[in-house]
Amino acid sequence: LPYTAASMYIAPLSPTPSEDHQRHGRQLTFENPTLIKESMRLFPAASTTRSGEPSFTISDPRTGLHYPAGPGTLIWLVSHACQHDPAFWPRADEFLPERWLAKEAEELCPQPGALRPFEQGPRACIGKNLAMIELKIVLCLVARRFDISTAYEELDAGMNPKRVVKNAVDGKRAYQ
């Protein structure tokens, strides 16, 4: 959406990161990129499709019904719906990077295979590792030099009132 790019105000800091930024930076580990994973969970960049195969069915775990998905059937996995499903994600609509640090028995611990921004298995994205490295680098460079905050008031003031979108998706304005 056109307003997304303009909805953030980035204020440059001093050339040297502040003590507060340095302290938080030491606490963040990018071996387990919690911020990146949680951002990709809440705002997945893409969905995926698959072709049906002979004798393949899709089952509804709530009703137990099976639906045929044979040849000629296109199966579309809607990532946004899967990544916001409370059956897989406790407190699904909240931004909780700490869920990626939770131990197996804890409520927030993600189920294995639940996060699928790059898909999995033989059809997984071949660029996943490169993308994750780039995301880590960009996050480090931006987080240590800038304070980032929303700037909707400034954006709204400069827009035609008919174009102001206050609740785009799930009440969130900055959406892909």
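User: What makes a space in this predicted model count as a pocket, and how much space lies in the second largest one?

Analyst: A pocket is an open set of grid points with protein on both sides within 12 Å along at least five of seven lines, and in this predicted model the second largest pocket holds about 750 Å³ of space. Of the 26 residues that line this pocket, I58, S59, I75, L77 and C82 are the closest to its centre.

User: Which strands and helix each supply at least two residues of that lining, and how do the lining residues divide into nonpolar, polar and charged?

Analyst: At least two lining residues come from each of β2 (48–51), β3 (57–59), β5 (74–77) and α4 (79–83), while the lining as a whole divides into 12 nonpolar, 6 polar and 8 charged residues.

User: Why are α3 and α5 called roughly perpendicular to each other?

Analyst: Helix α3 (residues 34–42) and helix α5 (residues 128–145) pack at an angle of about 110°, their axes lying 10 Å apart. Angles of 65 to 115 degrees count as roughly perpendicular, and α3 and α5 are therefore described in that way. Their crossing is right-handed.

User: How do you know which residues of α3 and α5 meet, and what is their character?

Analyst: Contact requires heavy atoms within 4.5 Å, and L35, I36 and M40 in α3 meet M132, L135, K136 and L139 in α5. The residues of this contact divide into 6 nonpolar, no polar and 1 charged.

Technical notes. Residues are numbered from 1 along each chain as its sequence is written. This is a predicted model: local features need pLDDT of at least 70, side-chain atom pairs count only at pLDDT 80 or more; totals for chains, interfaces and linings use all residues. Side-chain values use heavy atoms; hydrogens and water are left out. Axes are lines fitted to C-alpha atoms, for helices over the stretch in contact, and angles run from 0 to 180 degrees between N-to-C directions. Helices (H or I, at least four residues) and strands (E, at least two) are DSSP runs, numbered from the N terminus. Angles under 35 degrees count as roughly parallel, over 145 as roughly antiparallel, 65 to 115 as roughly perpendicular and the rest as oblique. A crossing is left-handed if the near helix is turned anticlockwise from the far one by less than a right angle, and right-handed if clockwise. Ala, Val, Leu, Ile, Met, Phe, Trp, Tyr, Cys and Pro count as nonpolar, Asp, Glu, Lys and Arg as charged, and the others, Gly among them, as polar. On a 1 Å grid over the protein atoms alone, a cavity is a set of points where a 1.4 Å probe fits but cannot get out, and a pocket is an open set with protein on both sides within 12 Å along at least five of seven lines; lining residues have an atom within 4 Å of a point. Grid points are joined across faces, edges and corners, and a volume is the space filled by probe spheres set on the points.
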